[in-house]
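Dear colleague,

Please find below the structure I am handing over to you, together with its sequence. My notes on it follow directly after.

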Amino acid sequence: MWSEASARCWQACRNPRLAGRRDRVRQELLKATEKALSEIAARVEGGTLQGEAEIGLAVGAVINKRKVGKHFHVDITATGFSFRRKQQSIYAEAALDGIYIIRTSLESGDMAAAECVRSYKRL
């Protein structure tokens, strides 16, 4: 079990390849979610989907499927539905792409952070 007290030596690292992969996946998920939400908006506009509860259920199913709901603002009324991206939320998440922490149970004086990273990468 890992405890905060035992994490004495740590180093933050960034992997650009991992960052690129996470960004591509996020963009794919956002586009797929937007497409599905647009289809719901068309159904609402066409009159085949009505009522806050029914619209909410349809929107919830789409949002929960890809787990990107935190990046969308949705407005649901009895006769309407709209959505938009929360760009600040997307930028904030993207800023952390590829970052990971290496922690050890060693005292910070026992091993330099750079040596800790080298040892980890040799595993």
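In this predicted model, 26% of the 123 residues of the chain count as buried. The accessible surface of the chain amounts to about 8400 Å², and carbon and sulfur atoms account for 53% of that area.

The overall dimensions deserve your attention. The radius of gyration of the chain is 22 Å, whereas a compact globule of 123 residues would have one near 14 Å. The C-alpha trace spans about 70 × 30 × 25 Å along its principal axes. Of the contacts between residues at least 6 apart in sequence, 66% join residues that are at least 24 apart.

As to secondary structure, the chain contains four helices and four strands, and their order along the sequence is β-α-α-β-β-α-β-α. The chain carries 21 positive and 14 negative charges, and the mean positions of these two sets lie 7 Å apart.

Two residues of the loop between α2 and β2 may be considered together. K67 is located in this loop, which runs between α2 (52-66) and β2 (72-76), and H71 is located there as well. Which of the two is buried, and which is exposed? K67 counts as exposed because its relative accessibility is 63%, over the 50% cut-off. H71 counts as buried because its relative accessibility is 1%, under the 20% cut-off.

The backbone of K67 is also notable: its phi is near 60°, a positive value in a residue other than glycine. Most residues other than glycine have a negative phi.

What surrounds H71 in the model? Apart from neighbours within four places in sequence, H71 is in contact with L30, R84, R85, K86, S89, I90 and E93. With one of these residues, E93, the side chain of H71 forms a polar contact of 3.3 Å.

A further loop, between β2 and β3 (81-85), contains A78. This residue counts as partly exposed, because its relative accessibility is 40%, which falls between the cut-offs of 20% and 50%. Not counting residues up to four places away in sequence, A78 touches Q50, G51, E52 and I55. The C-alpha atom of A78 is separated by 17 Å from that of E39, a residue 39 places away along the chain.

With kind regards

Terms used:
Residues numbered from 1 in each chain as written. Predicted model: local features only at pLDDT ≥ 70, side-chain atom pairs only at ≥ 80, totals over all residues. Heavy atoms only, no water. Buried < 20%, exposed > 50% of the residue type's maximum accessible area, 1.4 Å probe, protein only. Rg over C-alpha atoms; globule rule 2.2 N^0.38 Å. Contact = heavy atoms within 4.5 Å. Areas by Shrake-Rupley, 256 points an atom, 1.4 Å probe, with all protein chains shown as cover. Lys, Arg positive; Asp, Glu negative; His and termini not counted. Charge placed at Lys NZ, Arg CZ, Asp CG, Glu CD. Polar contact = N/O pair within 3.5 Å; in protein donor to acceptor, adjacent residues only side chain to side chain.
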